[in-house]
Structure formats: C-alpha cells, structure tokens
Amino acid sequence: MAEMGSKGVTAGKIASNVQKKLTRAQEKVLQKLGKADETKDEQFEQCVQNFNKQLTEGTRLQKDLRTYLASVKAMHEASKKLNECLQEVYEPDWPGRDEASKIAENNDLLWMDYHQKLVDQALLTMDTYLGQFPDIKSRIAKRGRKLVDYDSARHHYESLQTAKKKDEAKIAKAEEELIKAQKVFEEMNVDLQEELPSLWNSRVGFYVNTFQSIAGLEENFHKEMSKLNQNLNDVLISLEKQHGSNTFTVKAQPSDNAPAKGNKSPSPPPDGSPAATPEIRVNHEPEPAGAATPGAALPKSPSQPAEASEAAAAQEPGETTASEAASSSLPAVVVETFSATVNGTVESGSGAGRLDLPPGFMFKVQAQHDYTATDTDELQLKAGDVVLVIPFQNPEEQDEGWLMGVKETDWNQHKELEKCRGVFPENFTERVQ
C-alpha cells in the first residue's frame, strides 16, 4: 500500500475510479434499453463527424506524403548509381570527363536538396497539423464520459425527488453532485464547441499551403534537373563528334525461319499486310546441350515409379505442387524453406520467443512523442517507450486511432494486464515489430 501511495495512486482513488466506471456502464445500459433519456446535441455531433473525417483525410495525406518521399529517395539512389556507372565507363582521354563528373555531383546535390526541402516544408508541417488531433480526440472522448456522468447525476436527483419517502439530506447531496457534474461537462463542452469548427475550417488553408509547397518544390527541381540533363547531353554530343566513325547502330536480326539477308533493312510491308517487327536480340552465354526448353514436357524416365505417374495424372490441369514451383527457379535452400512453410512445418519463426509476451499480443510500437494521459484508462508515454499492443476486451469500446497495450517495462516487471494495460493514441507511436 505504501508503494501505491508513493506513485500517487491510493486505494480511495482506485475505488472512486471503479465506481465511476460502474455508474457509467449502468447509465449506458439504461439509455440503450430506453429506460433513461440521453442528453443530445446535434450540432456538436456534426462537429465530431467533421473532426473524424478531417482526421482520416489528414492521416491518409501523411501516409501518401511519406510514400512520395520514399520514392524520391529511391529515385535519388537509382540516379546516383547510374551516374557512378557513367563515370566508371567514361575513359580518361575522352573529352568532357571533368564536366560529366561535375554534372553527376550536382545531380546528387539536387536530389538531396529536393528531399530535404520536402521534409522541411511539407512533412514537418503535416506532422504538426496532425499533432493537435490526439489531444482533441481525447477531450471529445472525455466529454462523452462527463456527459454520461451528468445524465446519471440528473437521473439520480430526479429519482430522489419523485420518491414516495423523501430524504432531504440525500436530495441535497444529489443536487450538489448534479451541479458539479453539470459544471464539469459544460466547461469541456464550451471549449470544444469553439475549437472544433475552427479546426474544421483550418483544413482549407492547410491543404492549399501543403500542395503549393510540393508543387513549387517539384517545379524548381525539374527545372534545375533539366539544365543538368542538357549539359550532360552536350558533353555526350562532343564525345560523339570526336568518335564519329564508331557510331553504334542497332541492326535487325534475321528470324530463325528466314534466310540471312546481311545488313539490309527490311522493306515496309504492303498495305493490309501485318508489319514484320525486326527482332532485336541480346547475345547470352550458349546454353549447355540438352537444356530443357521452358514449358516443354520432360520425357518420362523408364525407372519412374507407377505411383508417381498416377499422382501426376490425377493433378488438376494447370496445377503444380509447391515443391515443383519452387524447385524450378529457386536455390535448393530456398526450396527447402518454402516447402517446409507450405506444409506448416517451419521449425523456427513467428511462434518462437513469444512465451513471455502478454496474451493476445499483436505487435510492438515505440512512442515518438511524449503523451500525457488525461484519464485513468490511458497510458502515460515518454518518447522511446516500447508498448506491446493487445486487442480490446470489447472491440466496440475501441475508438478510431486508439490502441490498447501495456508498456514493455511494466509488463516485464509485473506480468499483470489488469494493473498495466491502457489505451493510447496510435498517432503518437510508430510500429517497430
């Protein structure tokens, strides 16, 4: 008990929170059964719908922007490799070698600058914009709980007033609790009634600024990249002029069925006849004699068991076994692993190492920002905290954007879900496993 007190949790507070949850649950049941009226505010409900829509749209935009940034980074890497290849094959005595090297360097710097500006002017702005939603979402949920408390106190006060045997002391106490519950609810309600419409209207300016920034950055990037490409083209034209006699020409190759015609270009087909497309070939290493042609049927070995033949004949047309599909194109080690997976006999993998995890464990996340809990059923997070995500006991209680979990440090210390678990905003975390 002393330990609980040192952490700011007392037996009285725990009992009070349990009683609150029981009272709320009872009130909700009565309201669903139609035995108790529920305070409604259609204007506020519309604001909540707009808020949820705005959050969904913002979350999708953030995800797509991150995908776009990942693509820019991948293109940067591919462009860098291509330029490195050009520098390696560009011989020292060829004209324009230094210019080509400088162009490659500027190309690399341009990609880096473009990516960094997208992060600074779009992604960070996006993160700041979405950072305000978890707090407001938490307050909306809390307002809902305080509304239930207010309705419950109101119904309790009304029942005491209409009772045949009135207890003035109880009535006075119930009235005091009703006034207190109403005050708490109305304070939260007024604040949200002002903030939600303002947040909803801000989306227009945010979208305009975000996409203007992206469009402007991309336009400038392509202008600068176009100049570099033109400079590289000029260098290559200079190289071509110096070695004009060594021009590379792609020539049409005769087909397997047609007689060789030297280097003469084929005549255009007459009107109405199908065009004969020249066949461009790339020379490969000669195949070993007796190599099987893809798709060709292999001759049956005389010593092949009859049972194997019958099993193959019984197979549906177009169907191949997992081992055949794997062995036709994969190394032996990969085929073994694939086959074991298909047969459900993987000896090591996802099932290993999970004995010490909480029941129902789904995946891990790590807090990217601090989060201050606003209610007793929420987790207090510090940036860097690892949380083990578990399912809600009642899926209907899960709000969009919220997860249930237990901090890994708490679980390793106590191994008791009832003491440690709580809800937290998904937007404050990032999945790590």
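**Local geometry, salt bridges and long-range proximities in the predicted model**

Lys415 is placed in the loop between helix 10 (408–414) and helix 11 (417–420). The structure described here is a predicted model, and at this loop position the phi angle of Lys415 is near 60 degrees, a positive value in a residue other than glycine. Most residues other than glycine have a negative phi. With a relative accessibility of 40%, Lys415 counts as partly exposed.

At the level of the whole chain, the secondary structure consists of eleven helices and five strands. The protein chain has 433 residues, of which 27% count as buried. Its accessible surface amounts to about 30200 Å², and carbon and sulfur atoms contribute 53% of that area. Among contacts in the protein chain with a separation of 6 or more, 70% are accounted for by residues 24 or more positions apart.

Salt bridges were then examined, and a search of the whole structure returned 14 of them. One of these joins the side chains of Arg60 and Asp64, with an N to O distance of 3.5 Å. Both residues belong to helix 3 (residues 42–89), and because they are four residues apart there, about one helical turn separates Arg60 from Asp64. The two partners fall into separate accessibility classes: Arg60 is exposed, at a relative accessible area of 60%, whereas Asp64 is partly exposed, at 39%.

A salt bridge also connects the side chains of Lys117 and Asp113, here with an N to O distance of 3.3 Å. This pair lies in helix 4 (residues 97–131), where a spacing of four residues places Lys117 and Asp113 about one helical turn apart. Lys117 counts as partly exposed at 35% relative accessibility, and Asp113 counts as partly exposed at 34%.

The salt bridge between Asp385 and Lys407 has its closest N and O atoms 4.0 Å apart. This pair links distant parts of the chain, with the two positions 22 residues apart in sequence numbering: Asp385 occupies the loop between strand 1 (363–367) and strand 2 (386–390), while Lys407 is in strand 3 (residues 402–407). Lys407 is buried, its relative accessible area being 18%; the cut-off for this class is under 20%. Elsewhere, Asp135, Arg139 and Glu195 are joined into one network by salt bridges that share partners.

Charged residues also form a patch on the surface. Glu186, Glu187, Asp191 and Glu194 gather there as a patch of negative charge. One member, Asp191, lies in helix 6 (residues 168–242). Asp191 is partly exposed, with a relative accessible area of 37%; membership of a patch requires over 30%, so the accessibility of Asp191 satisfies that cut-off.

Helix 6 also contains Asp234. This residue is partly exposed, at a relative accessible area of 39%. Asp234 and Gly96 are separated by 138 residues in sequence, yet their C-alpha atoms are 9.2 Å apart in space. A further pair of residues distant in sequence involves Ala25, which is found in helix 2 (residues 11–32). The C-alpha atoms of Ala25 and Val148 are 9.0 Å apart, although 123 residues separate the two in sequence. Ala25 counts as partly exposed, with 40% relative accessibility.

Notes:
Residues are numbered from 1 along each chain as its sequence is written. This is a predicted model: local features need pLDDT of at least 70, side-chain atom pairs count only at pLDDT 80 or more; totals for chains, interfaces and linings use all residues. Side-chain values use heavy atoms; hydrogens and water are left out. Buried means under 20% relative accessible area, exposed over 50%, partly exposed in between (1.4 Å probe, protein chains only). Contact means heavy atoms within 4.5 Å. Accessible areas come from the Shrake-Rupley method with a 1.4 Å probe; for residues, only the protein chains shown count as cover. Patches are made of residues with over 30% relative accessible area and no salt bridge: like charges are joined within 9 Å, nonpolar side chains (Val, Leu, Ile, Met, Phe, Trp, Tyr) within 5 Å. Lys and Arg count as positive and Asp and Glu as negative; His and the chain ends are not counted. The place of a charge is taken as NZ of Lys, CZ of Arg, CG of Asp or CD of Glu.
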